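Colleague: I would like to learn how to read a model like this one, feature by feature. Where do we begin?

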Amino acid sequence: RLLGTASAAGVAGLALGGAGGAYAHAAAQDAPPAPLTSLGSAEVPFHGAHQAGILTPAQAHGHLVAFDLVPDAGRRQAAALLRRWSETAHRMMRGKPPVGGEHDTGIALDAGPAGLTVTFGFGRTFFARTGLKDRLPAQLAPLPDFSADALDKKRSDGDLWIQIGADDALVAFHALRALQREAAGTARPRWQMTGFNRSPGATDRPRTTRNLMGQIDGTNNPRPDEKDFAERVFVPASGQPSWMAGGSYVVLRRIRMLLDEWDKHSVGDQEKTIGRRKSDGSPLSGGGEHTEPDLDKRGKDGSPLIAADAHIRVTSPDSNGGAAMLRRPFSYHDGFRDDGAPDAGLLFLAWQADPLRGFVPVQRKLDRGDALSRFLRHEASALFAVPGGPREGEYVGQGLLE
Ligand code: HEM
């Protein structure tokens, strides 16, 4: 009913807009305030066993930003920054202005939190800069070089990392701007990437999102109700180092898609590349989107229905000693390249308890050449330790920094 009220007001506004924008503006000002839609008022808790933005369904808008500490900032300054950042994230995730609100930019003044999440991580270089080498987790060992990598070092790695997600673009940018301002004097942005996903309400019912190749992407993610889910994605309470209990390691890859090449292929060819139908995401071995793919099933000519080099065969946990990761990506588009092709693809984000059991073995196999890799270019890479969620009164990373 609330949604109905809001959209009725929107339609009236549009009709008036057709007759003259000024009238629409006046009408909107006179109208009694309508309650925020469910989208604007959606609030994700800041505190908990895990940081928000990992299990939260991926939002429509995202920003990823890495910072490097300035030369004279050490552990003490980093701790003060994480305290400030945590307070601001906590406030903004409840729809409140950031710390020091009197200087706030006002970008999201009239909006609710719109499902905002802010997630913080630490890169390998952070530990040497802050004299905390003895607390460096073994899991932050540099990722191996993969033969097909063409990485831009300036857009890779970083001391500190923030992932922002929200279902409103202004709310997401507001958080990015507030957190960047608060870093001044302590840390400088190293790189920043902006991504997007399907908006809630854009489809007839909640559906798995599509990527920019048009594929349904995210179907066979591990699910929280599976018995080994927590063990695959999160560091256990008794895990080492202890400041990472409840935390996770995130691998980021900026993967450009060769979309002009991809579009030259028939839908049939594109489906063989993945091993799933484009229309509904069902495996080529039969069934619906959520039917388990049958990797052994063969067609009339005796060849496997899911090809030997199909992406889902090569990445399947069954063919990787059970390795699994939670994929929670954003799509990106940064205009067009000099050759006229879209600079677009996937900000691939994989969450796991240990990258050496999750991302690394799978990427090693993909790097040997699955059918999909011919259409991809890995252009940036990073790995961050994302500590568990803060308890009331704590800031993120307190266990590491105190
Ligand atoms: C599955 C696309 C990169 C790991 C899939 C699926 C699609 C897809 C469409 C099938 C639907 C699903 O289960 O989500 C892509 C695209 C990529 C990409 C477009 C790059 C732009 C990667 C990378 C990795 C990876 C770099 C890991 C190193 C997986 C895994 C699955 C999967 C583990 C599930 C396999 C299964 O158990 O069925 N991907 N992928 N993907 N992908 Fe990717």
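Modeller: Begin with a helix end. α11 is followed by Gly369, and the phi of Gly369 is positive, near 110 degrees. Keep in mind that this is a predicted model.

Colleague: Which residues of helix α11 are buried?

Modeller: Burial here is a neighbour count: 20 or more other C-beta atoms within 10 Å. In α11, residues 359-367, the buried ones are Phe359, Val362 and Gln363. Viewed down the helix axis, the buried residues of α11 fall within an arc of 95 degrees, so they line one face of the helix.

Colleague: What do the buried residues of α11 pack against?

Modeller: Their partners are β5 (248-257), α10 (311-315) and β8 (342-352). Those names return around the ligand. β5, α10, β8 and α11 each supply at least two residues of the ligand shell.

Colleague: How many residues surround the ligand, and which are the closest?

Modeller: Count a residue if its C-beta atom lies within 6 Å of the molecule. That gives 26 residues around the ligand. Gln215, Thr219, Asn220, Thr315 and Leu346 are the closest.

Colleague: Which element gives the largest share of that shell?

Modeller: α11 does, with four residues.

Colleague: Now another helix. How do I read the length of α6?

Modeller: Compare the end-to-end reach with the expected span at 1.5 Å a residue. Helix α6 covers residues 169-183, which is 15 residues. From first C-alpha to last, α6 reaches 21 Å, close to the expected 21 Å.

Colleague: Which residues of α6 are buried, and what covers them?

Modeller: The buried set is Val171, Ala172, His174, Ala175, Leu176, Ala178, Leu179 and Ala183. Their cover includes the strands β1 (61-69), β2 (117-122), β3 (160-166) and β4 (187-196). Helix α4 (75-92) is also among the covering elements.

Colleague: What is the phi of Gly185, just after α6?

Modeller: Positive, about 90 degrees.

Colleague: On the other side, where does Asp168 lie?

Modeller: Asp168 is in the loop between β3 and α6. Read its burial from the neighbour count. Asp168 has 22 C-beta neighbours inside 10 Å, so it counts as buried.

Colleague: What does Asp168 touch beyond its sequence neighbours?

Modeller: Set aside residues up to four places away in sequence, and Asp168 touches Gly40, His61, Ala111 and Ala114. Check sequence distance against space, too. Asp168 and Ala108 are 60 residues apart in sequence, yet their C-alpha atoms are 9.2 Å apart.

Colleague: Ala114 came up there. What should I read from its backbone?

Modeller: Look at phi. Ala114 has a positive phi of about 50 degrees, although it is not a glycine. Ala114 belongs to the loop between α4 and β2. With 27 other C-beta atoms within 10 Å, Ala114 is buried.

Colleague: And Asp157: what is its phi, and is it buried or exposed?

Modeller: Asp157 is also not a glycine, and its phi is positive, near 60 degrees. Its place is the loop between α5 (124-129) and β3. Asp157 is buried, with 23 other C-beta atoms within 10 Å.

Colleague: Omega next. Which peptide bond is cis?

Modeller: The one from Gln240 to Pro241 is cis, with omega near -10 degrees. Pro241 sits in the loop between α7 (229-233) and β5.

Colleague: Now step back. How many helices and strands does the protein have?

Modeller: Twelve helices and nine strands. The radius of gyration is 22 Å, close to the 21 Å that the globule rule gives for 402 residues, so the protein is as compact as a globular protein of that length. Its C-alpha trace spans about 70 × 65 × 45 Å along the principal axes. Of the 402 residues, 40% count as buried.

Colleague: What share of contacts joins residues 24 or more positions apart?

Modeller: 75% of the contacts with a separation of 6 or more.

Colleague: Which residues do the annotated domains cover?

Modeller: Both annotations come from an unreviewed UniProt entry. "Dyp-type peroxidase N-terminal" covers residues 51-197. That span is 27% helix and 22% strand, with end C-alpha atoms 20 Å apart. "Dyp-type peroxidase C-terminal" covers residues 208-389. There the chain is 18% helix and 23% strand, and the end C-alpha atoms are 26 Å apart.

Key
Residues are numbered from 1 along each chain as its sequence is written. This is a predicted model: local features need pLDDT of at least 70, side-chain atom pairs count only at pLDDT 80 or more; totals for chains, interfaces and linings use all residues. UniProt positions are given in the numbering used here, feature names are shortened, and annotations may be inferred rather than shown by experiment. The radius of gyration is taken over C-alpha atoms; the globule rule is 2.2 Å times the number of residues to the power 0.38. A residue is buried if 20 or more other C-beta atoms lie within 10 Å of its own, exposed if 12 or fewer, and partly exposed in between; C-beta atoms are placed from the backbone. Two residues are in contact if their C-beta atoms, placed from the backbone, lie within 7 Å. The arc is that of the directions from the helix axis to the C-beta atoms.
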